[in-house]
Amino acid sequence: MSVTDEKTMLNSFDDNQSRRVLELARETLTIEADAILALHARLDADDSVARAVSLMYACTGRVVVSGMGKSGHIARKIAATLASTGTPAMFVHPGEAAHGDLGMVTGKDVFIAISYSGESSELMDILPVVKRMGTPLIAMTGKPKSRLALLADVHLDVGVSKEACPMNLAPTASTTVTLALGDALAVALLDARGFREEDFARSHPGGALGRRLLTHVRDVMRSGEAIPAVTPDVPLTRALLEVSQKGMGMTAVVDAAFKPLGVFTDGDLRRLIERVQDFSNLTIRDVMHVGARTVQPEQLAVDAVAIMEEFRINQMLVVDEAGVLVGALHIHDLTRAKVI
């Protein structure tokens, strides 16, 4: 269908049809919200959620999540959420499990089976084997008296009074409730494990949070010959050449032990030009400023960003624990590393 055809179809909706769309959208959201609130109220009825979290917390293997059809899609998402929040987890397709993939499951794992009816034949074919391995079984169904619910060590009731589907057929409210309960389990587990931002970053190294929390100054600083540095007795003109050649808009001034004594930046040069005409007799010692801001290589790069922002500077020196200059950092280095 072309873009023009799509626009024509959309424009063909009269006011009554548009109102009907909005009415159904609101009704769907209301039904699904009510279903989650009903689940919220049921949590006080027993300790099934606490027992399920306890089983997963004590698990020395992985949490294996499985389901067919729409339940399978929800199972994949729950497994992914658990894995990204500190609980080793994976999805296993029940159909594939019956043809070899069940070998991925061990007695050290915890198995979560999701089926609203609690009668999924694909799941029921493999669960006796899972039970024989001694793998704890958590069932998420909408039917507490179903075979799956009765087979489970812990049953989590995800029943809903009705689906959002007008025919009460398509899984809608029930899948929303199941997904929400899966999130609740994951959140409870991450809290029990003391899961922190740093832990989250380790499982998301490609994201913005991962870059912020895993990138250290040593990862982005310039080192070796790339560090602009001169001794205090060199002429200012020679120091300016160092500033130009190293491309950092500054140079460090160091003693014989390569410890910083001061720094001279292109900003210092602009201010110097306003009051001095003849540079020929000046050494860098005469014009440098002491007290340069420094950071250590083991610090997080975001710490360097915070210092730069606080003092409105674009460059920093990197020193080791003994105060020896080991690197230099420019705001552009942090930008390229996507720390900022």
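In this predicted model, Arg 293 is placed over the face of Phe 311, and the distance to the ring centre is 3.5 Å. A positively charged side chain and an aromatic ring are thus brought together here under a geometric criterion: CZ of Arg must be within 6 Å of the ring centre and within 35 degrees of the ring normal. Pairs formed by two aromatic rings are another matter, for a search of the whole structure finds zero of them.

The reader may next turn to strand S7, which spans residues 250–254. Is this strand mostly covered or mostly open? Five of its five residues are buried, and buried means under 20% relative accessible area. The cover extends to both faces of S7. On one side, Met 250, Ala 252 and Val 254 are buried, while Thr 251 and Val 253 are buried on the other.

Which strands pair with S7? Strand S6, residues 229–230, pairs with S7 in the parallel sense over two bridges, and in this pairing Ala 229 stands opposite Ala 252. Helix H12, residues 236–246, completes a right-handed β-α-β unit together with S6 and S7.

The other partner is strand S8, residues 260–265, which runs antiparallel to S7 and is joined to it by five bridges. Here Val 253 of S7 stands opposite Gly 262 of S8. S7 and S8 form a hairpin, with five residues between the two strands. In the turn of this hairpin, Phe 258 has a positive phi of about 65°.

Strand S7 therefore takes part in two kinds of pairing under the definition of paired strands, which requires at least two bridges: parallel with S6 and antiparallel with S8.

Note on methods:
Residues numbered from 1 in each chain as written. Predicted model: local features only at pLDDT ≥ 70, side-chain atom pairs only at ≥ 80, totals over all residues. Heavy atoms only, no water. Phe/Tyr/Trp six-rings, centres within 6.5 Å; stacked < 30°, edge-to-face > 60°. Buried < 20%, exposed > 50% of the residue type's maximum accessible area, 1.4 Å probe, protein only. Helix = DSSP H or I, 4+ residues; strand = E, 2+ residues; numbered from the N terminus. Right-handed = clockwise from strand over helix to strand, strands pointing away.
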